[in-house]
Amino acid sequence: MSEAPVNFLGGSPLNRLSWLRTSSTFINTLIDSPSTRWVAFQDGKPLIASRATEARLALLTTAEVEPFLGLKPYFGQGHQEGEIPAVDLPILEAARFRGEPIVFLGVSEPKANDYRPGVPPEELAMVLVGTPYFSIDVTEVGQTKLDHLVQTSTAGTDGYKLTFAEARAAPRDLSDFDAGVFAEARSMVDWNFRNKFCASCGSPVYSVWGGWKLSCTSLLSPFDNAGRKPCLTQKGLHNITHPRTDAVVIVAVLNEAQDKILLGRNKKFPPKFYSTLAGFIEPGETFEDAVKRELWEEAGVRVWNVKYHSGQPWPYPANLMVGFYAIGDSSEPIRTDLDKELEDARWYTREEVLAVLQHKEGTNLSRSDHKQYTKEIDERVNAKLSGSDPLGGDAAAHDPNGRPQDASTPVTPGVNEPPFRIPPRTAIAGVLISDWALGSASVTIKGRM
């Protein structure tokens, strides 16, 4: 079997060294390395260095972010300031109680390092060849300090301007490497920002394992638990909160002749934008189950012969888009009145899709399109979290899922615009659509299940 393609934002370019996250000496040694670089975020927005049409992550040095790190040790802190744990306990492995939230992301290796068994972590850190990467959330840092950082950082030399860019628009000009680092960092920053309290007992949580796990403060002896029932996280394998990834199936449905594709238009999409259908995995479902359920709920279409294509991390905040092809009956009536998620859905021929792909604006989302869509999605997600979403449904699953681009030529309605628009190949939806339209993807026809 051939390998699945690596989509934009994927590829996981760093060796994450997950087995060394428990070692505070290893991580602290890396922080002090002159080669270490930091990716900064403010309110989920990454710090970007840009000039003309070029953009990259603004990689900061440890010296530049040191004012925000707090007192040493940065990891392996005790519960009280200045305290270093006297005993090596799992609940204190690479713990961090103070300072801005930071996460060890991994190491970019020009070639594989020799991670020999039995070598102490601090010795590994000293001989490691590569660039260690960390993220830092500076949301709570004062604006004066941030302005100073932006104005004095070496990442802003050679004509580069440093700005905290809107998170969904930021990746558009990044290299595949930077996009992969961004996807990991952004999801981890968001996860640490959102999770402040134990889901079991409501006590505050603290960071362990280099920012990759959260533990309940009720496990710490100085914490006042008088009159409270013991937290369920104190026993078994439930004593740590892990970062979560929410899987979303995203499906290109073809008719039996495979010369038509089903595309839908969500009510929040920019004008004339159509994409593949999608939805979150629910408890007790396989990917295939979710594909069949979502297509029925959104478009009233029964599908079969579900085939995996590839995946794409989508860090808004932590989705994994899982791409599939499936077969459906194009003669059956389309219904959008079940969950009322879609404004429209229809079958398009290969020729119609190819005409859009060949149009210079066919896969283009302008800044204004993207800004308005992001605003609507954020409002809808907040309403959903508060239980007041008037529309219901899975807002994040129906992101246009495309890398925004500035239109080189303003689109005049009815003159130089395409009949409809679809996602670019920097989105897995665009990959599924264009692969089918260009004849590089097919689904083996089988009988209905």
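Strands β13 and β14 run antiparallel and are joined by 9 bridges. The model is a predicted one. Between the two strands lie 4 residues, and together the strands form a hairpin. V303 is placed opposite G328 of β14. On β14, a parallel pairing with β10 adds 9 bridges. Here L254 has I327 of β14 as its bridge partner. Strand β14 is mostly covered, with 9 of its 10 residues buried.

The hairpin belongs to a chain of 449 residues, of which 51% are buried. Its secondary structure comprises 9 helices and 15 strands. Among contacts with a separation of 6 or more, 73% are between residues 24 or more positions apart. The accessible surface amounts to about 21200 Å². Carbon and sulfur atoms contribute 52% of that surface.

Helix α9 spans residues 428–437. All 10 of the 10 residues are buried, so the helix is largely enclosed by the rest of the structure. The buried set begins with I428, A429, G430, V431 and L432, and continues with I433, S434, D435, W436 and A437. The cover over these residues includes both strands of the hairpin, β13 (303–314) and β14 (319–328). Strand β10 (246–254), the parallel partner of β14, also contributes to the cover. Further cover comes from β11 (260–266), β15 (342–349) and helix α7 (350–358), among others. Just after α9, G439 adopts a positive phi of about 80°.

Side chains of opposite charge can pair when their charged atoms come close. The whole structure contains 16 salt bridges. One of them joins R244 to D246, with the closest N and O atoms 2.5 Å apart. R244 has a relative accessibility of 56% and therefore counts as exposed. D246 has 23%, so this residue counts as partly exposed.

A second salt bridge joins the side chains of E343 and R265, at 2.7 Å from N to O. This pair links distant parts of the chain. E343 lies in strand β15 and R265 in strand β11, 78 residues apart. Both strands are included in the cover over α9. The two partners fall into separate accessibility classes: E343 is partly exposed, with a relative accessible area of 47%, whereas R265 is buried at 11%. Buried status requires a value under 20%, so R265 meets that cut-off.

A third salt bridge connects R293 and E282, whose closest N and O atoms are 3.7 Å apart. R293 sits in helix α6 (residues 287–299). E282 sits in the loop between β12 (277–280) and α6, and the two residues are 11 apart along the chain. R293 is buried, with a relative accessible area of 15%. E282 is partly exposed at 40% relative accessibility. This pair is part of a network of salt bridges that links E282, E285, R293, E294 and E297.

Technical notes. Residues are numbered from 1 along each chain as its sequence is written. This is a predicted model: local features need pLDDT of at least 70, side-chain atom pairs count only at pLDDT 80 or more; totals for chains, interfaces and linings use all residues. Side-chain values use heavy atoms; hydrogens and water are left out. Buried means under 20% relative accessible area, exposed over 50%, partly exposed in between (1.4 Å probe, protein chains only). Contact means heavy atoms within 4.5 Å. Accessible areas come from the Shrake-Rupley method with a 1.4 Å probe; for residues, only the protein chains shown count as cover. Two strands pair if DSSP finds at least two bridges between them. A salt bridge is a side-chain nitrogen of Lys or Arg within 4 Å of a carboxyl oxygen of Asp or Glu.
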